[in-house]
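User: Could you take a close look at the charged side chains that pair up here, and at how open their spots are? Once that's clear, feel free to wander out to the surroundings.

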Amino acid sequence: EPRAVLGQGLAYSTSDPEHRLNVPDHKMSLATDDPEDFHRWLHSPEAPALPSGSATLRGEIFAPRAVFATYVAARLRPYLASGQIRHVQGSAASARLDAGKLIVRTEDGGEIATDQLILSITHPAPRIPAELAALAGHPALIADAYAPGALDRIAARERVLVLGSGLTGADVVATLARRGHLARIDMLS
């Protein structure tokens, strides 16, 4: 993992407080034998304060995804401190078999020997679909909504079309709403 903190990935690395978990706190946990772990952690002194509007009238909490990232980091901290988990801050470049061991070579030339290799990789970088290739480079096209400052150039009174109605599309709408966007936003699935 090249990031400084483990467990964030694309979904949990967002710092926008409007980018929320899409399930309530009592259904999120790293501990399969303790499904209430995240819920209890949210009520502990270790948890950060939640923004207003995080709880429903039924008491369910839809925390910002960055808060879940903080929880993950807190739960991984003892394993990192003990050496049970080692965070290699880099990227894998290749892999090979050598005398029954899997050898993974990192981009910086290091090697890690292992008995088991689990691929747990993220989404590829966003790219413009072939159908929209003619728009590549146009200033009104935002190809990567998660790029730092990507949405900053959208004026409050500009109409916006969001292609895709999944989590990224919902994040874009939430960010624009938080920023006080006034014009129409269309979303096309």
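Analyst:
**Charged pairs and their surroundings**

Let's start with Asp34, which has a relative accessibility of 22% and so counts as partly exposed. That label holds because the buried class is kept for values under 20%. Keep in mind that this is a predicted model.

Who does Asp34 meet in a salt bridge? Its partner is Arg40, with 2.4 Å from N to O between the two side chains. Arg40 is partly exposed as well, since its relative accessible area is 44%. The pair doesn't stand alone: a network of salt bridges links Asp34, Asp37, Arg40 and Arg75. For the overall tally, the structure holds 13 salt bridges.

Now over to the strands. Arg96 and Glu111 bring their side chains together in a salt bridge, at 3.0 Å from N to O. This pair ties together distant parts of the chain: Arg96 sits in strand S1 (residues 92-98) and Glu111 in strand S3 (residues 111-114), with their positions 15 residues apart in sequence. Arg96 has a relative accessible area of 38%, so it is partly exposed. Glu111, with a relative accessible area of 44%, is partly exposed too.

Glu111 has another partner to look at. The side chain of Arg105 also meets Glu111 in a salt bridge, this time at 3.9 Å from N to O. That fits under the cut-off, because a salt bridge needs the side-chain nitrogen within 4 Å of the carboxyl oxygen. Arg105 comes out as partly exposed, as its relative accessibility is 38%.

What about the loops around these strands? The one between strand S2 (101-106) and S3 holds Asp108. Asp108 is exposed, because its relative accessible area reaches 68%. If you want a feel for the span of the model from here, pick Ala150: it lies 42 residues from Asp108 in sequence, and their C-alpha atoms are 30 Å apart in space. The loop between S1 and S2 is home to Ala99. Ala99 isn't a glycine, yet it has a positive phi of about 55°. With a relative accessible area of 79%, Ala99 counts as exposed.

Moving on to the pockets, the second largest one has a volume of about 350 Å³. It is lined by 20 residues, and the closest to its centre are Thr14, His19, Ala145, Tyr146 and Ala147. Sorted by character, the lining has eight nonpolar, seven polar and five charged residues. Which helix gives the most to that lining? It's helix H4 (residues 167-178), with five residues.

Helix H4 also contains Thr175. Thr175 is buried, since its relative accessibility is 8%. Leu151 is 24 residues away from Thr175 along the chain, while the C-alpha atoms of the two are separated by 8.2 Å.

One last stop, without charges. Leu161, Leu163 and Leu188 make a nonpolar surface patch of about 310 Å². Leu188 belongs to strand S5 (residues 185-188). Its relative accessible area is 48%, so Leu188 is partly exposed. That value is also over the 30% a residue needs to join a patch.

How values were computed
Residues numbered from 1 in each chain as written. Predicted model: local features only at pLDDT ≥ 70, side-chain atom pairs only at ≥ 80, totals over all residues. Heavy atoms only, no water. Patch = residues over 30% accessible without salt bridge, like charges linked within 9 Å, V, L, I, M, F, W, Y side chains within 5 Å. Areas by Shrake-Rupley, 256 points an atom, 1.4 Å probe, with all protein chains shown as cover. Helix = DSSP H or I, 4+ residues; strand = E, 2+ residues; numbered from the N terminus. Buried < 20%, exposed > 50% of the residue type's maximum accessible area, 1.4 Å probe, protein only. 1 Å grid on protein atoms, 1.4 Å probe; cavity = no way out; pocket = protein on both sides within 12 Å on 5 of 7 lines; lining within 4 Å. Points joined across faces, edges and corners; volume = space filled by probe spheres on them. Nonpolar A, V, L, I, M, F, W, Y, C, P; charged D, E, K, R; others polar.
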